Amino acid sequence: MTQKSIPVATLTKAQIKPFKKLLIQYLQHLGVKLENMEEAVLRPDTDNGPEDGDDFGAGVGLREFQLGLIENENEILHEVRAALKRIDGGAYGLCLHCNEPIPIGRLEARPYARFCLEHQLQYELGQLDID
Ligand SMILES: [Zn+2]
């Protein structure tokens with residue numbers, strides 16, 4: 001019983017910091033490289049050579065991010081910006097629907113995640129009545 005009443009903690013500033021850095025990198029990639037994104041992803045072994053190698057960051061799949069971009073770049077750009085706003089507003093890492101903390105592992109896979117897994121699924125199924 002000793003730890004029963006401890007609430008699930010929101011992320012600390014130290015925990016948020018790498019996500020913020022990552023989101024800013026995403027924005028930079030979106031802004032600077034969007035034109036060439038499709039070619040870069042679809043032809044990974046181009047002999048022009050990579051521009052910035054594997055230096056993107058630990059534990060996050062840039063390639064998956066890029067693949068997502070091709071389909072949804074505007075939506076993701078919007079989400080990345082919204083995530084940065086949530087960081088500034090102190091609400092980063094909370095589900096927009098239920099306000100529960102989003103598991104950090106989920107944020108590592110998708111730093112701009114807006115929902116917990118449950119509500120993300122509902123959102124994608126069109127069952128969530130939100131913006
Ligand atoms: Zn939720």
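**Entry 1: the fold**

How many helices and how many strands are there in the protein chain? I looked them up and found 4 helices and 0 strands. I note that this is a predicted model. Reading along the sequence, I get the pattern α-α-α-α.

Next I checked burial. The protein chain has 131 residues, and 32% of them count as buried. I then looked up contacts between residues at least 6 apart in sequence. Of these, 56% join residues at least 24 apart. The accessible surface comes to about 9100 Å². Carbon and sulfur atoms hold 50% of that surface.

**Entry 2: the zinc ion**

Which residues are the protein donors of the zinc ion? I listed Cys95 (SG), Cys98 (SG), Cys116 (SG) and His119 (ND1). They lie 1.9 to 2.3 Å from the zinc ion. Along the chain, the donors follow the spacing C-x2-C-x17-C-x2-H.

I picked out one pair, Cys98 and His119, which links distant parts of the chain. Cys98 sits in the loop between helix 2 and helix 3. His119 sits in helix 4, residues 117–124. The two are 21 residues apart.

Why is the arrangement of donors tetrahedral? I looked up the angles that the 4 donor atoms subtend around the zinc ion, and they run from 98 to 117 degrees. Four donors count as tetrahedral if all angles lie between 85 and 135 degrees, so the arrangement qualifies.

I also checked how open two of these donors are. Cys98 has 28% relative accessibility, so I wrote it down as partly exposed. His119 has a relative accessible area of 9%, so it goes down as buried.

**Entry 3: salt bridges**

How many salt bridges does the structure hold? I found 2. Side chains of opposite charge can pair when their charged atoms come close.

One salt bridge brings together the side chains of Lys20 and Asp88, at 3.6 Å from N to O. Lys20 is in helix 1, residues 13–42, and Asp88 is in helix 2, so this pair ties together parts that are 68 residues apart in sequence. Lys20 is partly exposed, with a relative accessible area of 32%. Asp88 is exposed, at 61% relative accessibility.

Arg114 forms a salt bridge with Glu79. Their closest N and O atoms are 3.2 Å apart. Arg114 is in the loop between helix 3 and helix 4, and Glu79 is in helix 2, so the pair ties together parts 35 residues apart in sequence. Are Arg114 and Glu79 buried or exposed? I found both of them buried.

**Entry 4: the loop between helix 2 and helix 3**

I went back to this loop for two more residues.

Asn99 lies in the loop between helix 2 (62–89) and helix 3 (104–109). What is the phi of Asn99? I read a positive value of about 70 degrees, although Asn99 is not a glycine. I marked this, because most residues other than glycine have a negative phi. Asn99 has a relative accessible area of 53%, so I noted it as exposed.

Gly90 lies in the loop between helix 2 and helix 3. Its relative accessible area is 60%, so Gly90 is exposed. I also looked up Gly90 against Thr10, which is 80 residues away along the chain. Their C-alpha atoms are separated by 9.3 Å.

How values were computed
Residues numbered from 1 in each chain as written. Heavy atoms only, no water. Buried < 20%, exposed > 50% of the residue type's maximum accessible area, 1.4 Å probe, protein only. Donors = N, O, S within 2.8 Å, 3.2 Å for Na, K, Ca; no water. Tetrahedral: all angles 85-135°; square planar, octahedral: opposite > 155°, others 65-115°. Salt bridge = Lys/Arg side-chain N within 4 Å of Asp/Glu carboxyl O. Contact = heavy atoms within 4.5 Å. Areas by Shrake-Rupley, 256 points an atom, 1.4 Å probe, with all protein chains shown as cover.
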